[in-house]
Amino acid sequence: MPGLIGRQTVTLLDAPLVSGDYNSQVRDWDHATETPVYGCTVDYTGATESTDARDQTVTTAELFMPRRAPRVSEWQRIEWDGRTWEVDGVPADSQLAGPLSGQTVKLLEVAG
């Protein structure tokens with residue numbers, strides 16, 4: 001991983017809200033806007049596999065954004081490493097840690 005620090009590119013996906021069933025608002029991921037962000041660091045943090053009722057994998061990763069990157073919200077998705085990741089919880093604002101710090105985002109992918 002040391003060779004990839006600050007050298008990875010992710011794509012932020014932001015889906016508009018549209019009317020759903022029963023007067024609800026849902027995200028339209030088919031029409032999401034894509035914003036590439038350069039200079040990121042992403043690291044896998046864990047993976048589990050369940051084979052009880054059906055095969056399922058849960059993979060987690062952590063995304064470290066550069067200081068001037070667009071803000072990420074818990075309602076967005078991230079494309080990285082050929083996968084689409086959910087933002088897991090509210091991203092941490094690490095700018096309080098110093099002038100070179102950016103946002104820290106927990107990522108989650110559930111497959112199966």
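In the predicted model, strands E5 and E9 run antiparallel and are joined by eight bridges. Within this pairing, Glu-62 faces Lys-106 of E9. Strand E9 also pairs with E7, again in antiparallel orientation, through two bridges; here Glu-86 is the residue opposite Leu-108 of E9. A further antiparallel pairing links E9 to strand E8, which spans residues 92–93, and this pairing likewise comprises two bridges. Ala-92 has Thr-104 of E9 as its bridge partner.

The secondary structure of the protein chain consists of nine strands and zero helices. Read from the N terminus, the order of elements is accordingly β-β-β-β-β-β-β-β-β. The C-alpha atoms occupy a box of roughly 45 × 35 × 25 Å along the principal axes. Among contacts with a sequence separation of 6 or more, 54% involve residues 24 or more positions apart.

The chain has 112 residues, of which 28% are classed as buried. Its exposed surface amounts to about 7300 Å², and 50% of this area is supplied by carbon and sulfur atoms. The chain carries 9 positive and 17 negative charges, and the mean positions of the two sets lie 10 Å apart.

The largest nonpolar core contains 16 residues, and Val-10, Leu-63, Met-65, Ile-78 and Leu-107 are those with the most contacts inside it. At least two residues of this core are supplied by each of strands E1 (8–14), E4 (33–50), E5 (56–64), E6 (77–80), E7 (83–87) and E9 (103–111). Strand E4 provides the largest share, three residues.

Two of the core residues named above, Met-65 and Leu-107, were examined through their contacts. When neighbours within four places in sequence are set aside, Met-65 is in contact with Leu-12, Val-37, Cys-40, Pro-70, Val-72, Gly-102, Gln-103 and Val-105. Leu-107 is located in strand E9. This residue is classed as buried because its relative accessibility is 1%, against a cut-off of under 20%. With the same exclusion of sequence neighbours, the contacts of Leu-107 are Val-42, Thr-59, Thr-60, Ala-61, Leu-63, Ile-78, Trp-85, Glu-86 and Asp-88. One of these, Thr-59, is separated from Leu-107 by 48 residues in sequence, while the C-alpha atoms of the pair are 8.3 Å apart. Leu-63 and Ile-78, also in contact with Leu-107, are themselves among the core residues with the most contacts. Glu-86, another contact of Leu-107, is the residue that stands opposite Leu-108 in E9.

Ala-53 lies outside the strands, in the loop between E4 and E5. Its relative accessibility is 83%, and Ala-53 therefore counts as exposed, the cut-off for this class being over 50%. Ala-53 and Tyr-38 are 15 residues apart in sequence, and the distance between their C-alpha atoms is 40 Å. For Leu-107 and Thr-59, by comparison, the corresponding values are 48 residues and 8.3 Å.

Conventions. Residues numbered from 1 in each chain as written. Predicted model: local features only at pLDDT ≥ 70, side-chain atom pairs only at ≥ 80, totals over all residues. Heavy atoms only, no water. Core = buried A, V, L, I, M, F, W, Y, C linked by side-chain atoms within 4.5 Å. Buried < 20%, exposed > 50% of the residue type's maximum accessible area, 1.4 Å probe, protein only. Helix = DSSP H or I, 4+ residues; strand = E, 2+ residues; numbered from the N terminus. Contact = heavy atoms within 4.5 Å. Areas by Shrake-Rupley, 256 points an atom, 1.4 Å probe, with all protein chains shown as cover. Lys, Arg positive; Asp, Glu negative; His and termini not counted. Charge placed at Lys NZ, Arg CZ, Asp CG, Glu CD. Pairing = 2+ DSSP bridges.
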